[in-house]
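Let's take a walk through this protein together. Have the picture in view and follow along from the overall fold down to single residues.

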Amino acid sequence: KKRVIDTAVDLLRHKYAPMFKPSERCRPPHMHRDTLRNKLFNHDIVGDAVSDPQALVALLERINLGLSRRAESSWPQPVRKHLAKARTHGFFLGMNDFGWLEAL
């Protein structure tokens, strides 16, 4: 389980390098690698439905795509100012404080 999550997060981190920050307290639309790994590990997504890193990345990319299609007005006011950067880099998972985990 840990290997699957670690590998998947590393793949995302390399694809979206500018969006991952070293600080645990990074602000939207950025994400911290270890925080993402911990959230995924505690969510128990890996196992039944997802058994390899590529499947987990594909699932996270689908969620990211869904977030990218949200109307600007549907985002909370405080994070709207970060939408331009998220669109520039195509990375939206850091926009809503892991609320997307509920979609898993």
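What follows starts with the whole chain, moves to the core, and then stops at a few residues along the way.

Keep in mind that this is a predicted model. What is the fold made of? The protein has five helices and zero strands, so the pattern you meet as you read along the sequence is α-α-α-α-α.

Now for the overall dimensions. Along its principal axes, the C-alpha trace spans about 35 × 25 × 20 Å. A compact globule with 104 residues would have a radius of gyration near 13 Å, and the protein has 13 Å, so the two agree. Contacts tell you about the fold as well: among those with a separation of 6 or more, 66% are between residues 24 or more positions apart.

Then there's the surface. The accessible surface comes to about 6100 Å², and carbon and sulfur atoms account for 49% of that. Of the 104 residues, 39% count as buried. As for charge, the protein has 18 positive and 11 negative charges, and their mean positions lie 7 Å apart.

Time to look inside. The largest nonpolar core has 31 residues, and those with the most contacts inside it are Leu-12, Met-31, Leu-36, Leu-40, Leu-56, Leu-93 and Trp-100. Which elements give two or more residues to this core? They are α1 (2-15), α2 (33-43), α3 and α5 (83-89). Helix α3 gives the most, with six residues.

Leu-12 is a good place to begin, and you'll find Leu-12 in helix α1. Is Leu-12 buried or exposed? Its relative accessibility is 2%, which is under the 20% cut-off, so Leu-12 counts as buried. Setting aside residues up to four places away in sequence, Leu-12 touches Phe-20, Leu-36, Val-57, Leu-60, Glu-61 and Leu-93. Take Val-57 from that list: Leu-12 and Val-57 are 45 residues apart in sequence, yet their C-alpha atoms are 7.1 Å apart in space.

Leu-56 is another of the core residues with the most contacts. Once you leave aside its neighbours within four places in sequence, Leu-56 is in contact with Val-4, Ile-5, Ala-8, Leu-40, Ile-45, Val-46 and Val-50.

Next, find Ala-55, which lies in helix α3 (residues 53-68). Ala-55 has a relative accessible area of 27%, and that makes it partly exposed. Ala-8 is 47 residues away in sequence, while the C-alpha to C-alpha distance between Ala-55 and Ala-8 is 8.5 Å.

Now step over to the loop between α1 and α2, where you'll find Pro-22, Pro-29 and His-32. Pro-22 has 77% relative accessibility and counts as exposed. His-32, in contrast, counts as buried, at 8% relative accessibility. These two are 10 residues apart along the chain, and their C-alpha atoms are separated by 6.1 Å. Which residues does His-32 touch, not counting those up to four places away in sequence? They are Phe-20, Lys-21, Pro-22, Ser-23, Glu-24 and Cys-26.

While you're in this loop, look at the backbone too. Most peptide bonds are trans. The bond that joins Pro-28 and Pro-29 is cis, with omega at about 5 degrees.

The last stop is Arg-80, in helix α4 (residues 77-80). Its relative accessibility is 25%, so Arg-80 counts as partly exposed. Apart from its neighbours within four places in sequence, Arg-80 is in contact with Glu-72, Ser-73 and Trp-75. For a sense of distance across the model, try Tyr-16: Arg-80 and Tyr-16 are 64 residues apart in sequence and 20 Å apart in space, C-alpha to C-alpha.

Note on methods. Residues are numbered from 1 along each chain as its sequence is written. This is a predicted model: local features need pLDDT of at least 70, side-chain atom pairs count only at pLDDT 80 or more; totals for chains, interfaces and linings use all residues. Side-chain values use heavy atoms; hydrogens and water are left out. Helices (H or I, at least four residues) and strands (E, at least two) are DSSP runs, numbered from the N terminus. The radius of gyration is taken over C-alpha atoms; the globule rule is 2.2 Å times the number of residues to the power 0.38. Buried means under 20% relative accessible area, exposed over 50%, partly exposed in between (1.4 Å probe, protein chains only). Contact means heavy atoms within 4.5 Å. Accessible areas come from the Shrake-Rupley method with a 1.4 Å probe; for residues, only the protein chains shown count as cover. Lys and Arg count as positive and Asp and Glu as negative; His and the chain ends are not counted. The place of a charge is taken as NZ of Lys, CZ of Arg, CG of Asp or CD of Glu. A nonpolar core is a set of buried Ala, Val, Leu, Ile, Met, Phe, Trp, Tyr and Cys residues joined through side-chain atoms within 4.5 Å.
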